[in-house]
Amino acid sequence: MAADDEALPVFLKEIADDPRVTIRRSEPPLKDAKCVVYWMQRAQRGLDNPALDLAIRIGNELDLPVLAFFSAISNYPHANLRHYAFLNQGLKDIEDDLAVRNVEFIVRRPPNNSLEKLLAEAGAAMLIGDESPCREPERWRKVLAKRLDMPFWTVDADVVVPSALFPKHQYMLHIMRPKLLAEMPKYLVATPLVKAQRGWERPRGFESFNVTGDVTEGWKTLDRSVMPVDSFTGGTRAALRRLEYFVAHGLADYARQRNHPEIDGTSMLSPYLHFGHISPVTIALACEDAVREGMATGAARDAYFNELIGWRELSVNFVKYVPDYDSIECAPEWAQKTLLEHAGDRRDPEYTLEQLERAQTHDELWNAAQTQMLKTGWMHNYLRMYWAKKILEWAPNPALAWEWAVILNDKYELDGRDPNGYQGIAWALGGVHDRPWFDRQIFGTVRYMSGASTGKKFDSKRYIARVMATAPDLWQR
Ligand SMILES: Cc1cc2nc3c(=O)[nH]c(=O)nc-3n(C[C@H](O)[C@H](O)[C@H](O)COP(=O)(O)OP(=O)(O)OC[C@H]3O[C@@H](n4cnc5c(N)ncnc54)[C@H](O)[C@@H]3O)c2cc1C
């Protein structure tokens, strides 16, 4: 939707042209209002958050305070206790970082978590939101845009290069990369920490949840079967500590170490990126600093940026433009055809979803990868590829394999339910962003990974021993 040029204040007209911004309702800010509201969903942080920055800028221009609202909903698709515990740990950091910026943090839980009610109670002039390309949150934004009676703008806050600069699906990373690289100097820049000039006085009785409490308390329908993990602590502080460690100890040798699941050679920042506890810009700028200070080479940084910005932003692009991103329907024509031609091939062995979930296969390496995910909420990238391809090999058919991979990934990974996951599964099972290889059983021309050769590319015995040492009691097998 375009900005209504005639009626908008000049400063808003300028902002309206920013490719990071989507105008969902374009009318001017409401008159006689009391604040600007930032509806925080995806970008759960008070630092390096372009959506928050925009809300503060607009508040300052309108001489209004800013309020950040987080609605903790109990029925987020496929979220369970493990995910909510991580989210919960992040809330205090958000509150603290917002306080430094003179922004009040309001958290509400069902049944009193209606955004529209909050907007009315607070007397909002305008609503700013953040963005996620996934189906459900985008649907909520669309529904809301129809129902609201005030301007509603959203900001693409969790990518380096705004995703709107790519108006259609990019079929290969090598096609997208040159444009990403060309735009990066413009967007990979530090933003000043701007504070709200006007503070918000919370009216007496204005409800907000104490962020140190258990946000899931009393939620009867929440899946509590997947336990929180102590391998990751949620929040911006923990994310920044992990980043600092990675830049000091992992970045320089990232290109080599990233293919060695037996050591911790990657940044392990994906859960923090998923929950928006840290911005990809913060991470990338820390890497730039490390190169400037001689701690890593430009080549090491580029290898890391290829994942952090290249593959990650290709995943956002994929989910944004391919409606069936989490099922076999999203595979390119050649892949659907070849998988169908091989759908009748004998699966030997063939496993049930329950056997896979419980890590009860004949393949020790696969079981260890599944165990790593079950126990720590994270799996190494090299094994995620292997893990998904074996599900294709052992499930009764490719459509079911896809469904099972999505179910398991979203249920157990802390970083699950993310564009990266849907893209990763689509790459592994359906040749998305890949090319056809040699024809073989079950896979057709979709790229294959054999256990024997995968296990030889790194110290798989050490990996298995490490994982199993952390999970001796798994399912009492
Ligand atoms: C089958 C399969 C499922 C996957 N599921 C998920 C998922 O649910 N959530 C998720 O965030 N990632 C997923 N990935 C991508 C990747 O495996 C993880 O992002 C990565 O292992 C996270 O570890 P890290 O933070 O140490 O990564 P690093 O190697 O340190 O990379 C830094 C960041 O770059 C991004 N990144 C790295 N590799 C990829 C990739 N291949 N595709 C897209 N982005 C990438 C991630 O945000 C990551 O945190 C999946 C990949 C596959 C093949």
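Helices, taken as H or I runs of at least four residues, and strands, taken as E runs of at least two, are DSSP runs numbered from the N terminus, and with that in place I can say that Pro111 is found in the loop between strand 4 and helix 4. What we have here is a predicted model, and I would like to start with its backbone before turning to the sheet, the domains and the pockets.

The bond that leads into that residue is a cis peptide bond, joining Pro110 and Pro111 with an omega of about 10°. A second cis peptide bond runs from Asp348 to Pro349, where omega is near 5°, and Pro349 sits in the loop between helix 12 (333-341) and helix 13 (353-357). There is also Asp48, which has a positive phi of about 45° although it is not a glycine, and which lies in the loop between strand 2 and helix 2. The reason for picking these out is that most residues other than glycine have a negative phi, and most peptide bonds are trans.

Now to the sheet. It is an open sheet of six strands in the order 1-6-5-2-3-4, with mixed pairing. Strand 1 (21-25) and strand 4 (104-108) stand at the edges, and because each has a single partner strand, one side of each is left without a neighbour in the sheet. From one strand to the next the twist averages 25°. Further in, strand 2 (residues 35-39) pairs with strand 5 (residues 124-130) in the parallel sense over five bridges, and Cys35 has Ala124 of strand 5 as its bridge partner.

Two helices deserve mention alongside these strands. Helix 2 (residues 50-62) packs on the sheet, where it touches strand 1, strand 2, strand 3, strand 5 and strand 6 (152-155), and its direction makes about 165° with that of strand 5. Helix 3, for its part, lies across strand 3 and strand 4, and runs at about 155° to strand 4.

As for the domains, the assignment gives domain 1 (10-157), domain 2 (236-321) and domain 3 (328-471). The C-alpha centres of domain 2 and domain 3 lie 24 Å apart, and 20 residues of domain 2 are in contact with 26 residues of domain 3.

Which domains each give at least three residues to the lining of the largest pocket? They are domain 2 and domain 3. The volume of this pocket is about 1,100 Å³, and its lining consists of 41 residues, with Arg258, Glu307, Trp311, Asn381 and Asn420 lying nearest the centre. At least two lining residues come from each of helix 9 (270-274), helix 11 (298-321), helix 15 (381-394) and helix 17 (419-430), with helix 17 giving the largest share, seven residues. By residue class, the lining divides into 18 nonpolar, 14 polar and nine charged.

Finally, the second largest pocket has a volume of about 780 Å³. It is lined by 34 residues, and those closest to its centre are Gln41, Ser71, Ile73, Tyr76 and Trp140. Strand 3 (66-71), helix 3 (81-100), helix 4 (115-122) and helix 5 (135-147) are the elements that give two or more residues to this lining. Helix 5 contributes the largest share of the lining of the second largest pocket, again seven residues, and here the division is 18 nonpolar, ten polar and six charged.

Definitions and conventions
Residues numbered from 1 in each chain as written. Predicted model: local features only at pLDDT ≥ 70, side-chain atom pairs only at ≥ 80, totals over all residues. Heavy atoms only, no water. 1 Å grid on protein atoms, 1.4 Å probe; cavity = no way out; pocket = protein on both sides within 12 Å on 5 of 7 lines; lining within 4 Å. Points joined across faces, edges and corners; volume = space filled by probe spheres on them. Nonpolar A, V, L, I, M, F, W, Y, C, P; charged D, E, K, R; others polar. Domains from an automatic or database assignment. Pairing = 2+ DSSP bridges. Axes fitted to C-alpha atoms, helices over the stretch in contact; angles between N-to-C directions. Contact = heavy atoms within 4.5 Å.
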